[in-house]
Structures are given as structure tokens and as C-alpha cells.
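Me: Got a minute to look at a model with me? I'd like to go through a few of the helices.

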Amino acid sequence: MSNDSLSDLRRAIAEAMHADGALGGPILAVSTVGARALPGDGAAITLMASDETRETLAVTDEVIAAVERAQFTLGEGPSLDALTSRRPVLMADLADPVAQAAWPGLAGRLAELPVQALFAFPMHLGATVVGVALSYRATPGELGPDHVIFALRAVDMFTLALLRLREGQPTTEGTDWVGDGALGTRQVHQATGMVMVQLGGVIATTAFARMRAYAFAHDHTIEEVADAIVARSLVLDPDGSAAT
């Protein structure tokens, strides 16, 4: 990728930052530009404060949206590894034994999707990672050095743009900067609070783990479990059972 490509991306991001009339506003516009710029067949831009707290700002297609949902449900995948390691995670072939061992649940969930390679790039703010840009390929194959360099520079560009846009909005301490995500994050948080009560006052991490275990055992997404809990059609009991 050339410097001209980076210059074109910089201009596109600058225009997106002033897209007040666009559906979803400038944050969605910048995220969409960033996702489309990443190498691969599709991509997602997700802000992440932790495994449990995330907001997917933009997805290019339903395939990458399904990958994001699977990672959130299972608690494993390249995005989580990139978040914790603060380094890019480049898996050129999901059939590789390394990928199978690292993400056994994810590999099974993605078996029927046209996803053969995943590339996760942490979104840095100084020493802190505030999110992950994830792209996929429908066929196996490594990213060339030029593509990796371009992706790293692109991620730096749109991360800075997104954070500048966020600075113009009310902010609070902790993880409240994560808002209503495209993948139902707010519903998951509400359900987690309800499960904390159902399980007798456990901490949020324990409640979320119970929801995730139920989702995995019943082949649901975490959002489907959250919807059922909020609708009160599913109750997770302290003894490990579930009433529906």
C-alpha cells in the first residue's frame, strides 16, 4: 500500500468526521470508513474496555457480524487476544492446529461461515488498548507486509479520529464510555444485572459467566440469552438450573 492510499484514507476520515447529516452521525461514518479500508473481505470496528464490555461501531457485512457475536458469546477469539496482548493477532488459516487449539469453540462456530483467516489489530491510545479492528478472509492466506503496515497506520488514524469525536460527548469514569453497541451490548448489561440478583447477589463477572455458559450449552448467542432474561422468559437459578 502506498502513501497515496494513506492520504486518501486520511481525507476520507476527515470528511466522515463532519458527516453530521449521515445516518448514525460521524462516529458511525468514521468507523465505516475504517472498516472498509482494512485488508480482507470484510471487517468490524469494536471499542472494548474488557471481555464483557464492548461496542461494535461498524461491520461491513453479516459474516464479520457473526464472527463478533461468536467471540462475545464464547469469550475467545483473536479480538480478545489482541486486546489482552496489545499486539496484532494474524491467523492466516483457521484450519491450522494453532488456531484450533487457541479458539476451539470459535473454530466450531465459524465452520459454516465463509471465514478462513482472521486478523485483529488493537486500537491503541498510548499504552492503553481501547478497541480492536478485526478483518477476515474467505480463503486462507497471510497478509503481506505492506498490507500489515497499512492496516496498522489506518487503525491509528481512525482510532484517533474516533477518540476526538468522543471527546465532544459527555464522558464518565470507568467503562461508561461504551454506549449502545450494534450487537446489543446494552441488553447484555441489563441482563447481567438481572442475573446478579437471580443468583443471590453475585458479582457481574460471575453472572456474565453463567450467561455465557448457558449460551454455549444451548447453542445460543449471548444476545439471545440476554433478550430472554430481560423478557423474563429465562431465569438462571442459583442451583445451576434454568427456568423458562
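**Helix contacts and a loop residue**

Reply: Sure. In this predicted model, helix α9 (residues 204-217) and helix α10 (residues 222-230) have axes that come within 9 Å and cross at roughly 110°.

Me: So are α9 and α10 roughly parallel or roughly perpendicular to each other?

Reply: Roughly perpendicular, since angles from 65 to 115 degrees get that label.

Me: And which hand does the crossing of α9 and α10 have?

Reply: α9 passes α10 in a right-handed crossing.

Me: Which residues make the contact?

Reply: On α9 you have F208, M211, R212, Y214 and A215, and on α10 I222, V225, A226 and I229. Split by type, the contact of α9 with α10 has 8 nonpolar residues, no polar ones and 1 charged.

Me: What about the loop between α9 and α10, is T221 there buried or exposed?

Reply: T221 does lie in that loop. T221 counts as buried because its relative accessible area is 18%, and the cut-off for buried is under 20%.

Me: What does T221 touch, leaving out residues up to four places away in sequence?

Reply: T73 and A215. A215 is also one of the α9 residues in the contact with α10.

Me: Switching to α2, what span should that helix have, at 1.5 Å a residue?

Reply: Helix α2 (residues 25-37) has 13 residues, so the expected span is 18 Å. The end C-alpha atoms of α2 are 19 Å apart, which agrees.

Me: Which residues of α2 are buried?

Reply: G25, P26, I27, A29, V30, S31, G34 and A35.

How values were computed:
Residues numbered from 1 in each chain as written. Predicted model: local features only at pLDDT ≥ 70, side-chain atom pairs only at ≥ 80, totals over all residues. Heavy atoms only, no water. Helix = DSSP H or I, 4+ residues; strand = E, 2+ residues; numbered from the N terminus. Expected span 1.5 Å × (residues − 1). Buried < 20%, exposed > 50% of the residue type's maximum accessible area, 1.4 Å probe, protein only. Axes fitted to C-alpha atoms, helices over the stretch in contact; angles between N-to-C directions. Parallel < 35°, antiparallel > 145°, perpendicular 65-115°, else oblique. Left-handed = near helix turned anticlockwise from the far one by under 90°. Contact = heavy atoms within 4.5 Å. Nonpolar A, V, L, I, M, F, W, Y, C, P; charged D, E, K, R; others polar.
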